[in-house]
Amino acid sequence: MAVNLATDIKPISYIKTNAADMMKYVNDRRKPIVITQNGEAKAVLIDVQTYQETQDAFALLNLIKIAEKDIQNGDFESSEKVFSDLKKELFENG
């Protein structure tokens, strides 16, 4: 999702006067718009679906980070033990 310098970077004054068009742009194309103020990039406008996907990806990365820390600390069970415990529980309760 590369930023197109000609179409995907807009000053805040343009965003203010064309807000509906800009929202349609990001939703239709699923590409972000970089918003500038005084010539500096200050914010990014993205569609809700892309935002949610980004948040989901960060949540997954956080789970992986937690799992890696547990493994480094030796805080884990072997897959054999996990499946053995699950089978016992299923047969005892089923």
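Okay, let's start with one side chain: leaving out residues up to four places away in sequence, Met22 touches Lys10, Tyr14, Ile15, Ile33 and Leu45. Contact here means heavy atoms within 4.5 Å.

Quick housekeeping before I go on. This is a predicted model, so local features need pLDDT of at least 70 and side-chain atom pairs count only at pLDDT 80 or more, while totals for chains, interfaces and linings use all residues. Residues are numbered from 1 along each chain as its sequence is written, and side-chain values use heavy atoms, with hydrogens and water left out.

Right, back to Met22. It sits in helix α2, and for anyone wondering about the labels, helices are DSSP runs of H or I with at least four residues, strands are runs of E with at least two, and both are numbered from the N terminus. Met22 has 6% relative accessibility, so it counts as buried. My cut-offs are under 20% relative accessible area for buried, over 50% for exposed and partly exposed in between, with a 1.4 Å probe and protein chains only.

Which other residues of α2, that's residues 19-29, are buried along with Met22? Those are Tyr25 and Val26. The three cover an arc of only 90° around the axis, which puts them on the same side of α2; the arc is taken from the directions from the helix axis to the C-beta atoms. And what's covering them? The list includes β1 (9-11), α1 (12-17), β2 (33-37) and β3 (40-45).

Those three also turn up in the largest nonpolar core, where Ile15, Met22, Tyr25, Val26, Ile33 and Ile35 make 6 residues in all. By nonpolar core I mean buried Ala, Val, Leu, Ile, Met, Phe, Trp, Tyr and Cys residues joined through side-chain atoms within 4.5 Å. Two elements, α2 and β2, give two or more residues to this core, and the largest share, 3 residues, comes from α2. Val26, again not counting residues up to four places away, touches Lys31, Pro32, Ile33, Leu45, Ile46 and Asp47.

Now go off the end of α2. The helix is followed by Arg30, in the loop between α2 and β2. Arg30 isn't a glycine, yet its phi is positive, at about 55°. Most residues other than glycine have a negative phi. Asn38, in the loop between β2 and β3, does it too: not a glycine, and a positive phi of about 55°. Asn38 counts as exposed at 77% relative accessibility, whereas Arg30 is partly exposed at 30%.

Let's talk charges. Side chains of opposite charge can pair when their charged atoms come close. I call it a salt bridge when a side-chain nitrogen of Lys or Arg is within 4 Å of a carboxyl oxygen of Asp or Glu. How many does a search of the whole structure find? It finds 6 salt bridges.

One of them joins Arg30 and Glu53, with the closest N and O atoms 2.8 Å apart. Arg30 is in the loop between α2 and β2 and Glu53 is in helix α3, so the pair ties together parts that are 23 residues apart in sequence. Glu53 is partly exposed, at 39%. Add Asp47, and you get a network of salt bridges linking Arg30, Asp47 and Glu53.

Another one pairs Lys31 with Asp8, at 3.2 Å from N to O. Lys31 is in the loop between α2 and β2 and Asp8 in the segment before β1, so this pair, too, ties together parts 23 residues apart in sequence. Is Asp8 buried or exposed? Buried, with a relative accessible area of 0%, while Lys31 is partly exposed at 24%. Leaving aside neighbours within four places, Asp8 is in contact with Ala2, Val3, Tyr25, Lys31, Pro32, Ile33 and Val34. There's also a bridge between Glu40 and Lys42, 3.9 Å from N to O, and Lys42 is exposed at 52%.

Last stop, the surface. Phe58, Leu60, Leu61, Leu63, Ile64 and Ile66 form a nonpolar patch with about 610 Å² of accessible area together. For a patch like this, residues need over 30% relative accessible area and no salt bridge, and nonpolar side chains (Val, Leu, Ile, Met, Phe, Trp, Tyr) are joined within 5 Å; like charges would be joined within 9 Å. Areas are Shrake-Rupley with a 1.4 Å probe, and for residues only the protein chains shown count as cover. Leu61 belongs to helix α3, residues 48-72, and is exposed at 52%.
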